[in-house]
Amino acid sequence: MTSTIPISVRTHESGASSWEHIAAHKRQTLSNSIPEEWRIPEGLFPAESEDDVARWPETCGWFTADELAITNSTANELILKLASGELSSEAVTRAFCKRAAAAHQLTNCLSETCFDRALKTAKQRDVHLKQTGSPVGPLHGLPISLKDNFNLEGLDATVGFASHVGDPAKSDSTLAQLLESSGAIFYVKTNTPTAMMIAESVNNVFGRTVNPLNRKTTSGGSSGGESALLVMRGSPMGVGSDIGGSLRIPAACTGIFALRPSVGRFPVRNTRSGMPGQEAVQSVNGPLARTLEDITLYTKIVVDHKPWLVDPRCVPIPWREVQLPNKLKIAVMWHDNMVHPTPPVTRALVSVVNKLKAAGHEIIEWDPVDQKEGMTLLGRMFVADGGHAIRKELERTGEPWRPEMEQYRVAKELSTYEMWNLQLERVDFQNRYLDRWNRAGIDAILCPTIPFNTVKNGAFKHVGYTGVYNVLDYSCLSFPTGLTVDKEIDKAVKGYQPLGSDCEAINTDYDAETMHGLPISLQLVARRLEEEKVLIMGRKVLDVLSL
């Protein structure tokens with residue numbers, strides 16, 4: 001539900017505080033869109049001091065046994081029951097609407113709701129199945145959550161800007177149309193940081209999304225609304241985007257799966273960008289889910305839909321069955337030459353490497369010699385416009401710069417010639433990295449997704465482990481290792497030599513007490529356009545970890 005903001009409020013001419021009025025109105029509209037039946041009863045709210053609210057739905061007594069059974073199911077499990085008629089789409093949709101509403105009240109993860117649209121579509125799905133005996137498509141009746149940048153008709157796509165409030169989309173994004181034609185149901189959109197260019201989901205309109213596993217910590221960004229919602233089981237499957245780690249970072253912060261595909265595999269048509277026209281490093285979208293099987297299901301369905309017929313930026317590559325060798329050759333990158341991982345991430349990396357070796361896979365070490373150059377290229381490309389794209393939107397309502405965006409505020413604009421040369425540097429970097437990969441004859445790189453498991457709210461630093469692979473446009477999978485932080489084992493290392501100021505700050509700030517019990521993730525990297533391969537390699541790694 002979106003309420004149009006009067007033009008007198010939306011324009012900066014109405015006063016320097018106009019953005020505050022816009023933001024307050026938008027937050028109230030979002031709150032009002034949650035019906036009374038899905039508002040947590042006052043006496044059941046967990047205390048503000050209760051950090052872990054991910055388990056609250058199981059213990060609060062507010063959800064019925066059926067609602068819990070539905071929302072605790074995976075997407076694959078639900079699709080089978082929806083297609084057979086064992087579960088009605090209306091019942092499934094209602095359960096996820098209620099749990100998403102609860103998730104928002106506890107973590108501030110939503111930006112929009114469209115519950116009426118969802119229930120109307122769900123009823124249509126049930127009627128179709130009853131009348132024809134056939135599901136609408138491979139996602140028949142499945143609720144799917146979307147990051148705020150995906151346009152849905154009648155809803156805003158603010159991407160954290162006050163200037164975009166009250167400017168509802170005129171049509172659904174191409175990906176949304178594809179998913180809906182496959183049977184999916186849309187019911188919520190999720191919070192992002194301003195312009196989707198902060199590694200935590202915080203903005204001046206909706207505020208901060210927190211990690212349900214520990215609300216003192218971040219759920220990541222820029223798809224952090226999605227990761228928080230999924231961990232609260234308010235969604236069986238979500239879709240986010242990634243330009244520097246925005247899928248993988250939230251997945252790692254919350255211990256779920258995310259696929260960062262290469263450019264051209266999934267449609268991006270009619271989605272909102274935080275920096276329109278910036279294409280030196282392109283944004284992609286991809287799935288987040290609690291299981292690898294659900295990530296694979298989504299990927300195959302989208303590719304099988306032939307998205308190149310509806311988005312000219314998509315490449316005509318059908319789904320490919322990959323035959324892996326019995327023994328993989330994996331290069332392990334222990335650090336990226338910029339930031340040493342914190343103790344739990346290093347322990348997880350050692351554990352996974354040892355298990356892969358024991359299973360007979362060949363492990364070599366990957367020299368991080370190129371990583372700093374890749375990170376520098378990413379940063380230079382992000383601010384090449386001198387921050388004008390973001391500044392323009394902020395100035396429309398008088399919205400202030402967030403402190404996390406200082407690099408954009410002070411950036412100097414490059415000339416066209418300078419930009420062309422920067423892009424030549426990028427191509428040269430891509431060429432050299434690929435040559436080195438091929439010489440090593442490896443199947444994948446195993447490395448941290450982020451240098452920590454997560455961090456306290458407001459403390460995120462360093463996207464180097466993810467962002468370099470955006471510059472390279474490689475296919476990447478962030479996956480939970482099954483390990484959690486142990487404060488008795490994962491103690492801060494004394495006397496280590498930092499690689500730089502960020503490395504020193506991150507490792508100094510590491511707090512084993514706060515992180516205790518939280519999940520630890522790693523990243524598997526394949527070459528460009530090797531989505532099928534990275535998924536099946538991920539399955540092989542998980543199988544080894546389960547031994």
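Is Ser222 buried or exposed? Ser222 is buried, with a relative accessible area of 1%; buried here means under 20%, exposed over 50%, and partly exposed in between, using a 1.4 Å probe and protein chains only.

A quick word on the model: it is predicted, local features need pLDDT of at least 70, side-chain atom pairs count only at pLDDT 80 or more, and totals for chains, interfaces and linings use all residues. Residues are numbered from 1 along each chain as its sequence is written, and side-chain values use heavy atoms, leaving out hydrogens and water.

Ser222 is on a list from UniProt: an unreviewed entry gives Met196, Ser222, Ile243, Gly244, Gly245 and Ser246 as "binding site". They spread over 51 residues of sequence yet cluster in space, with a largest C-alpha distance of 10.7 Å. Such annotations may be inferred rather than shown by experiment.

Here are three buried residues side by side.

| Residue | Place | Relative accessible area |
|---|---|---|
| Met196 | loop between strand 3 (185-190) and strand 4 (202-203) | 9% |
| Ser222 | loop between strand 7 (214-218) and helix 9 (224-231) | 1% |
| Glu531 | helix 20 (residues 531-545) | 0% |

Helices (H or I, at least four residues) and strands (E, at least two) are DSSP runs, numbered from the N terminus.

As for contacts (heavy atoms within 4.5 Å), Ser222 touches residues including Lys147, Met196 and Ser246. The side chains of Ser222 and Lys147 also make a polar contact of 2.5 Å, that is, a pair of N or O atoms within 3.5 Å, one able to donate a hydrogen and the other to accept it. Met196 has Lys147 among its contacts too.

Over at Glu531, a polar side-chain atom sits 2.7 Å from the backbone nitrogen of Ser262.

How values were computed:
Lists of a residue's contacts leave out its neighbours within four places in sequence.
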